[in-house]
Amino acid sequence: MEDAYQQLKWCKTAERTEKEKHLKETQTKFLQRIQQRQKDLQQLREAMESHKRSAQTAVEDSERIFTELIRSIERRRSEVTQRIRDQEKAAVSQAEGQMERLEQEIDDLKRRNTDLEQLLHTDDHIHFLQSLQYLSAPLESTDNISVSFLFSFDGVRESVSQLRQEMEDFCKQEIKKISVTHSNIVPRTREDFLQYFHQLTLDPNTMQ
């Protein structure tokens, strides 16, 4: 009877020892998994902070670049405006010079015509003959008048409109690329998030 009791006790002790060994192995796996998850949590936290810093930097850089772009466009706008005004001023000056010469020629022609009209009605034959040579002399005429230099600025408007359309199309395409890239990298799981910041190696035994 005593032997049977001792044998049973030994069996229970051996079974407990085996169970304790198994529990310790399980506990070790739990501890390993806790450590791994804590490591994952820390990596995820660091990745998130890095992502936030990257986003803030991207916003600041975008604001700075767009501000520079706006300033550049403003400079180009001023340049185009100045060129238009310079060309307008030169063309108007040339036109005013031609107008002044034309007005002078018209005045001379009107005065000569008045003199001729009076001469035709004079009864003084001597005065008629003396004035005839002077009044019959050809007037100095201005060159042929051309208005080709007074061109329309419709072409400038069309060019600027085309430039605006090209810039808008370009910006839309580039922003679309940014949106597509962003949608492709937005992490939806922990693994997705860590993929872009850390190379994570997991022990398969701890993931059971």
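A nonpolar patch is built from residues that have over 30% relative accessible area and no salt bridge, with their nonpolar side chains joined within 5 Å. In this predicted model, one such patch lies on the surface and is formed by Phe 66, Leu 69, Ile 73, Leu 163 and Met 167. Together, these five side chains' residues offer about 410 Å² of accessible area. Helix H1 and helix H3, the latter spanning residues 154-185, each contribute at least two residues to the nonpolar patch. The largest share, three residues, comes from H1. Leu 163 is a helpful member to look at in the structure: this residue is found in helix H3, and its relative accessible area of 46% makes Leu 163 partly exposed. That value is over the 30% needed for a patch, so Leu 163 meets this part of the requirement.

With the patch in view, the overall fold is easier to follow. The protein contains four helices and zero strands, and reading along the sequence gives the pattern α-α-α-α. H1 covers residues 2-120. Of the 208 residues in the protein, 9% count as buried; here, buried means under 20% relative accessible area. The protein exposes about 18,100 Å², and carbon and sulfur atoms supply 55% of that area. Contacts can also be sorted by how far apart their residues sit in the sequence. Among contacts in the protein with a separation of 6 or more, 76% are accounted for by residues 24 or more positions apart.

Charged side chains add another layer to the picture. Side chains of opposite charge can pair when their charged atoms come close. Across the whole structure, a search finds nine salt bridges, and three pairs in H1 serve well as examples. Asp 61 and Arg 64 meet through their side chains in a salt bridge, at 3.7 Å from N to O. That distance falls within the 4 Å cut-off, so the pair qualifies as a salt bridge. These two residues are three apart in helix H1, which means that about one helical turn separates Asp 61 from Arg 64. Both remain partly exposed: Asp 61 has 31% relative accessibility, and Arg 64 has a relative accessible area of 43%.

Further along H1, Glu 74 forms a salt bridge with Arg 77, and the closest N and O atoms of this pair are 3.0 Å apart. Again the partners are three residues apart in the helix, so Glu 74 and Arg 77 are separated by about one helical turn. Glu 74 is partly exposed at 38% relative accessible area, and Arg 77 is partly exposed at 47%.

The third example joins the side chains of Arg 85 and Glu 88 at 2.9 Å, N to O. Arg 85 and Glu 88 are likewise three residues apart in H1, with about one helical turn between them. Glu 88 counts as partly exposed, at 32% relative accessibility. Salt bridges can also share partners, and in this way Asp 61, Arg 64 and Glu 68 are joined into one network.

A last stop is Gln 118, which also has its place in helix H1. Gln 118 has a relative accessible area of 53%, so this residue is exposed. Phe 128 lies 10 residues from Gln 118 along the chain, and the C-alpha atoms of the two residues are separated by 9.7 Å.

Terms used: Residues are numbered from 1 along each chain as its sequence is written. This is a predicted model: local features need pLDDT of at least 70, side-chain atom pairs count only at pLDDT 80 or more; totals for chains, interfaces and linings use all residues. Side-chain values use heavy atoms; hydrogens and water are left out. Buried means under 20% relative accessible area, exposed over 50%, partly exposed in between (1.4 Å probe, protein chains only). Contact means heavy atoms within 4.5 Å. Accessible areas come from the Shrake-Rupley method with a 1.4 Å probe; for residues, only the protein chains shown count as cover. Patches are made of residues with over 30% relative accessible area and no salt bridge: like charges are joined within 9 Å, nonpolar side chains (Val, Leu, Ile, Met, Phe, Trp, Tyr) within 5 Å.
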